[in-house]
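Let us walk through this model together, one region at a time. Keep the sequence and the 3D view side by side as you read.

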Amino acid sequence: MTRPTVYIETYGCQMNVSDTELMLGKLTASGYDAVDGPDGADVILVNTCAIRDHAEQRVIGRLGELKRHMSPTAVMGVTGCMAQRLGPVLLQRTPHVSIVIGPDGYRALPTLIDDARHGIRTTATSFDMEEHYEDFKPRRFDKVKAWIPVQRGCDYRCTYCIVPYTRGPERSRTLADVVRETESVVADGMSEVVLLGQTVNSYSDGTYDFADLLRAVGGVAGIRRVRFTSPHPNDFSDRVIEAIAATPTVCEHVHLPMQSGSSRTLKRMLRRYTREGYFECAERLRAAVPNLALTTDIIVGFPGETDEDFAETLSAVREVGFDDAYTFKFSMRDGTPATRLPVELLVSDEVASDRLAQLIAVVREGSRARNMAHLGSRCEVLIEKEARRGGLLQARTRDFKTVIMPGTPDMIGNYVEVALTGTTGSTFTGAVVRSREPLPMQ
Ligand code: SAH
Ligand code: SF4
Ligand code: F3S
């Protein structure tokens with residue numbers, strides 16, 4: 001008998017990508033073959049994001065499209081944050097969907113799929129404080145770097161954010177389990193890991209904190225690059241910053257979400273730091289790690305954001321000097337504390353769009369200036385994949401810059417030294433100076 005097939009389509013953050021890898025691992029171990037497209041698949045899963053309304057609308061549209069690819073016996077399921085948020089409502093609204101599973105319910109996937117084959121439609125949206133899918137062997141997409149979830153859920157309550165409600169309370173895996181997974185990643189031929197958590201630097205397994213984790217993972221034989229995302233500014237203890245500085249494999253890049261440069265707005269967002277507190281955090285990191293690259297997330301149009309508040313965000317972007325920023329228009333999420341702010345505080349879409357455009361221009365100007373300063377320098381890159389254009393390769397510096405360079409696909413996974421020869425303002429072009437392996441003596 002041929003094995004049934006499963007196709008998973010993934011939306012949202014790296015946490016979802018990592019969850020998809022776990023689900024595929026579980027399902028392939030349970031007798032399924034993974035396929036690259038929906039046509040003819042016996043099981044179609046859509047792993048969803050609920051962070052902004054736009055993300056959910058895209059999924060709703062896509063569910064309709066996917067229906068046309070379904071064979072009459074296929075089973076369709078919705079997983080992830082939107083599944084958690086909408087639960088049974090999704091089953092009601094989309095009759096061709098028979099399984100709705102939140103982020104803590106993936107252990108039951110094979111059973112629920114079997115049930116669905118027999119016509120039983122289910123919603124599974126309980127949180128499970130013990131669940132880390134420790135016994136699942138992830139089926140990784142990336143051949144060069146591995147996502148390693150170290151923490152699930154979030155205990156902050158930023159007033160705009162749906163994540164605490166879709167992912168539940170914060171919990172951490174044990175350090176020993178994370179180290180074991182890191183070792184298995186090395187055994188599979190990879191040397192870069194990205195530690196994942198919603199506020200990853202608040203990691204604590206009861207005995208060890210994030211500083212211990214960085215040192216332990218960074219010290220695993222065969223690991224050359226350690227990254228982590230996303231930290232919260234308030235959880236950068238001196239211990240964590242010292243561990244970053246003292247662990248050579250930890251890369252010189254921190255993604256440090258700022259959200260706003262106005263203390264008034266930050267307070268209404270319940271970010272628990274001020275403009276000055278954020279600057280201080282950035283300075284402490286830069287003092288400890290020379291040539292640190294900083295990237296960030298920023299929201300415009302949060303309720304009550306005035307022109308003056310927004311001007312403070314622009315000046316903060318200039319003052320900190322970010323290497324790059326992800327910028328978003330505020331999106332009101334049902335059930336979040338922001339829904340209780342007075343309606344007269346709402347910022348119109350027109351104003352928010354205008355602010356977003358201004359912010360993007362200032363971010364670009366800043367990152368171009370910082371990148372121009374790197375031109376002509378040499379650095380080590382890890383070659384990640386083929387570039388989208390014309391026979392070139394795409395590589396990354398330790399400080400997370402993208403470098404497009406000539407080379408052949410057999411070089412993927414190698415470390416080489418390049419000279420940065422040009423920049424578009426955001427990405428670089430590079431030329432190989434020498435391979436990183438020691439050159440034979442002449
Ligand atoms: N845990 C991470 C962020 C996860 S969500 C952290 O605390 O930094 C990723 C980004 O989406 C956030 O940093 C924020 O900038 C943005 N975001 C979250 N909720 C949003 C909303 N309701 N509207 C617009 N952007 C939002
Ligand atoms: Fe959302 Fe705030 Fe938690 Fe990040 S820290 S996931 S923004 S609630
Ligand atoms: Fe989206 Fe859930 Fe990640 S809401 S951003 S997929 S944690």
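How do the residues of the shell around ligand 3 divide into nonpolar, polar and charged? The answer is five nonpolar, two polar and one charged. Before going further, please bear in mind that this is a predicted model. The residues that surround ligand 3 are Cys13, Asn16, Cys49, Ala50, Ile51, Cys81, Arg167 and Gln198. Keep Gln198 in view, as this residue will come up again with the other ligands.

Turn next to ligand 2. Around ligand 2 you will find Cys154, Tyr156, Cys158, Tyr160, Cys161, Val163, Pro164, Gln198, Thr199 and Arg271. By class, this shell divides into seven nonpolar, two polar and one charged residue. Gln198 is listed around ligand 2, and Gln198 also belongs to the surroundings of ligand 3.

Ligand 1 comes next. It is surrounded by 14 residues, and Gln198, Pro257, Gln259, Asp297 and Ser331 are the closest of them. Here the shell consists of six nonpolar, three polar and five charged residues. Several polar atoms are worth picking out on your screen. Tyr160, which also appears in the list for ligand 2, places a backbone N or O atom 3.0 Å from a nitrogen atom of ligand 1. Ser331 has a polar backbone atom 2.8 Å from a nitrogen atom of ligand 1. From Gln259 the approach is through the side chain, with a polar atom 2.7 Å from an oxygen atom of ligand 1. On its own, ligand 1 has 540 Å² of accessible area, and the protein covers 90% of that.

Which strands each supply at least two residues of the shell around ligand 1? They are strand S13 (293–300) and strand S14 (324–329). Both belong to an open sheet of three strands, ordered S12-S13-S14 and paired in parallel. Strand S12 (253–255) and S14 form the edges, each pairing on one side only. On average, neighbouring strands in this sheet are turned by 10° against each other, ignoring direction. Between S13 and S14 there are six bridges in the parallel sense. Asp297, one of the residues closest to ligand 1, stands opposite Tyr326 in S14.

Now move to another pair of strands. Strand S10 (residues 192–196) runs parallel to S11, and five bridges join the two. One position to look for is Leu195, whose bridge partner in S11 is Phe228. Is strand S11 largely enclosed or left open by the rest of the structure? Strand S11 (residues 225–229) is largely enclosed, because five of its five residues are buried. Their side chains are shared between two directions: Arg225, Arg227 and Thr229 point one way, while Val226 and Phe228 point the other, and all are buried.

Finally, look at the open sheet of six strands, which has the order S2-S1-S3-S4-S5-S6 and parallel pairing. At its edges stand strand S2 (33–34) and strand S6 (122–124); each has a single partner strand, so one side of each is left without a neighbour in the sheet. Further in, strand S1 (residues 5–10) and strand S3 (residues 43–48) run parallel and are joined by five bridges. To find your place in this pair, start from Tyr7, which stands opposite Ile44 in S3.

Conventions
Residues numbered from 1 in each chain as written. Chains lettered and ligands numbered in written order. Predicted model: local features only at pLDDT ≥ 70, side-chain atom pairs only at ≥ 80, totals over all residues. Heavy atoms only, no water. Near = heavy atom within 4 Å. Polar contact = N/O pair within 3.5 Å; in protein donor to acceptor, adjacent residues only side chain to side chain. Areas by Shrake-Rupley, 256 points an atom, 1.4 Å probe, with all protein chains shown as cover. Helix = DSSP H or I, 4+ residues; strand = E, 2+ residues; numbered from the N terminus. Nonpolar A, V, L, I, M, F, W, Y, C, P; charged D, E, K, R; others polar. Pairing = 2+ DSSP bridges. Axes fitted to C-alpha atoms, helices over the stretch in contact; angles between N-to-C directions. Buried < 20%, exposed > 50% of the residue type's maximum accessible area, 1.4 Å probe, protein only.
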